[in-house]
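User: I'd like to go through this structure with you. Can we start with how the chains meet?

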There are 2 protein chains.
Amino acid sequence: MPRKIRNTLALAVLGLLLERPMHPYEMAATLRERHKGSTFKINPGSLYDTVEALAKHRWIEPVETVREGNRPERTVYAHTELGRQEFVAWLDELVREPVAEYPKFVAAVSYLGALGPDRAADALEERARHLAERIDGADTALAETVGKGAPRLFMIEVEFVRHAWQAELDWARDTAAEIRSGSLPWPENF
Amino acid sequence: MPRKIRNTLALAVLGLLLERPMHPYEMAATLRERHKGSTFKINPGSLYDTVEALAKHRWIEPVETVREGNRPERTVYAHTELGRQEFVAWLDELVREPVAEYPKFVAAVSYLGALGPDRAADALEERARHLAERIDGADTALAETVGKGAPRLFMIEVEFVRHAWQAELDWARDTAAEIRSGSLPWPENF
DNA sequence: CGCCGTATAGTCGGTTCCGACTAATAGGGA
DNA sequence: TCCCTATTAGTCGGAACCGACTATACGGCG
C-alpha cells in the first residue's frame with residue numbers, strides 16, 4: 001500500500017509539531033519566518049486540508065481549542081507517536097529514493113528546437129542571469145543565518161538548492177554557447 | 001492575466017500536433033515511444049482532460065472522427081494558428097523564467113536533522129547509488145539515439161537531466177562525507 | 001476618538017489531477 | 001474454432017490543490 005499522504009506540506013506540519021503544539025495559522029507564520037516558503041508551498045487552503053488529513057489518519061491530534069481575547073477560535077494540534085514514526089520513515093524514504101518530478105523546465109527544454117537557435121540561446125542566457133540572482137540571494141540568506149550563530153544544518157536545503165541552481169546555470173550557459181558557436185546543430189524541421 | 005493552461009502535458013500535445021494531426025491515444029503512444037515518459041507525466045485521465053481544455057481555448061481543433069473497423073470512434077485533433085503562437089510564447093517563457101517547483105527531495109533535506117547523522121549519511125549514500133544508475137541509463141539512451149543518427153537536439157532534455165542528476169549526486173556524496181567526518185556538526189535537539 | 005492599514009485566522013467553491021476501471025478487437029496458440 | 005492475452009481507446013468518481021475571499025482585532029496617527 002502506497003503512502004496515504006503525499007503532499008510534502010504534511011512533512012512540514014509534522015516537523016513543526018515535533019517541536020511543540022501549534023495551530024495551523026501559526027505553522028504558516030513559523031514556516032515563513034524560517035525562510036521555508038521556497039521549500040514548501042504554503043497555501044492556506046492546502047494547509048488546512050493537510051492538517052485535516054493528518055488528523056484523520058491520527059498522525060496528529062487536536063489538543064485544545066483556545067480563544068484569545070475576541071479572536072476566532074484556534075484549534076491547536078500536537079503530533080502523535082504514530083505521526084512521529086511515520087515522519088521519520090517518510091523522510092528516510094524521500095532521501096533514499098529519487099522520485100520522478102516532471103519539472104516545467106525539462107518539458108520546455110525538450111521542445112527547445114521550436115524556438116530556433118537564436119531565440120533559444122537568448123532565452124537560456126536570460127535564464128542564466130535569473131539563476132545567478134537567485135544564487136546571490138541564497139548566499140545572502142546563508143551568510144545571514146550563519147552570522148546569527150544558527151547551525152548549518154538548519155539551512156542545509158538552501159545549500160542544496162544553491163548547488164542545484166549553480167549546475168543548472170552552468171548547463172544553460174554552456175548550452176547557449178554551444179548554440180552560438182554552431183557546435184549544437186539545428187535540424188531543419190523546426 | 002496568467003496563462004490559462006498550466007499543465008505541461010499540454011505542451012507535449014501541442015508539440016506533437018505541430019508535426020501532424022493525431023488522436024489522444026496515439027499521442028500517448030508516440031510520447032512513450034520517444035522516451036518522453038520521464039519528461040511528461042502521461043496519465044490517460046490527464047491527457048483527455050488536457051486535450052479538452054486545449055480544444056476549449058481553440059489552441060487545437062478536432063478535424064475528424066474516424067472509425068476504423070469496429071474499433072471505438074477516435075477524434076483526431078490538429079493545432080490551430082493560435083495554438084502554434086501560444087506554444088512558442090509559452091516555451092519561451094518557461095525557458096527564460098525559472099519558476100518555483102517544490103521538489104520532494106528539498107522538503108526532505110530540510111528535515112535531514114531528524115534522521116540523525118548516521119542514518120542521514122546512509123540515506124544520502126543510497127540516493128547517490130540510485131542516481132548513478134539513472135545517469136548510466138541516460139548515457140545509454142543518449143548513445144543509442146546518437147547511434148541511430150538522430151540529432152542531439154532531439155534528446156537535449158536528457159542531456160540536461162543527466163547534468164542535474166550528476167550535480168545532485170555530487171552534493172549527496174559530499175554531504176554524506178561531511179557528515180561522516182563530523183565537519184557538518186549535528187545540533188542536540190534532533 | 002474615529003479611521004485606516006496590517007496582522008490574525010480561516011472558509012469555500014471551483015479546477016486539476018489521478019489512476020483504477022471498462023470495453024472492444026486483433027492475433028496467436030492449443 | 002475457441003479461448004487467452006495484449007493492444008487499442010477512453011471513462012469516471014473522487015482526491016488534491018489552489019487562491020480569492022471573509023471577518024475580526026489591533027495599533028498608530030491626525
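**Chain contacts**

Analyst: Chain A puts 57 residues in contact with 58 residues of chain B, where contact means that the C-beta atoms, placed from the backbone, lie within 7 Å. This is a predicted model: local features need pLDDT of at least 70, side-chain atom pairs count only at pLDDT 80 or more, and totals for chains, interfaces and linings use all residues. Residues are numbered from 1 along each chain as its sequence is written, with chains lettered from A and ligands numbered from 1 in the order in which they are written.

User: Which elements give two or more residues to the side of chain A that touches chain B?

Analyst: They are helices H1 (9-19), H4 (81-96), H5 (104-109), H6 (117-147) and H7 (156-181) of chain A. Helices (H or I, at least four residues) and strands (E, at least two) are DSSP runs, numbered from the N terminus. H7(A) supplies the largest share of that side, nine residues.

User: And how do the residues of that side divide?

Analyst: There are 35 nonpolar, eight polar and 14 charged residues on the side of chain A that touches chain B. Ala, Val, Leu, Ile, Met, Phe, Trp, Tyr, Cys and Pro count as nonpolar, Asp, Glu, Lys and Arg as charged, and the others, Gly among them, as polar.

User: What rotation superposes chain A on chain B?

Analyst: A rotation of 180 degrees with 0.0 Å of shift along its axis does it, at RMSD 0.1 Å. The two copies are thus related as by a two-fold rotation axis. The fit is by least squares on the C-alpha atoms of residues with pLDDT of at least 70 in both copies. In chain A, Ala167(A) has the C-alpha nearest the axis, 3.1 Å from it. The same surface serves both copies, as 100% of the contact residues of chain A recur in chain B.

User: At what angle do H6(A) and H4(B) pack?

Analyst: About 35 degrees, with their axes 7 Å apart. Axes are lines fitted to C-alpha atoms, for helices over the stretch in contact, and angles run from 0 to 180 degrees between N-to-C directions. H6(A) contributes Arg119(A), Ala123(A), Leu124(A), Glu126(A) and Arg127(A), and H4(B) contributes Asp92(B), Val95(B) and Arg96(B). That contact has three nonpolar, no polar and five charged residues.

User: Switching to inside chain A: how do H2(A) and H3(A) pack?

Analyst: H2 (residues 24-33) and H3 (residues 44-56) of chain A pack at about 125 degrees, with axes 10 Å apart. Pro24(A), Met27(A) and Ala28(A) of H2(A) meet Pro44(A), Leu47(A), Tyr48(A) and Val51(A) of H3(A). The residues of this contact are seven nonpolar, no polar and no charged.

User: Back to chain B. How far apart are the end C-alpha atoms of H7(B)?

Analyst: They are 38 Å apart, which agrees with the 38 Å expected for the 26 residues of H7(B) (156-181); the expected span is 1.5 Å times one less than the number of residues. Gly182(B) follows H7(B) and has a positive phi, near 85 degrees.

Note on methods. Two residues are in contact if their C-beta atoms, placed from the backbone, lie within 7 Å.
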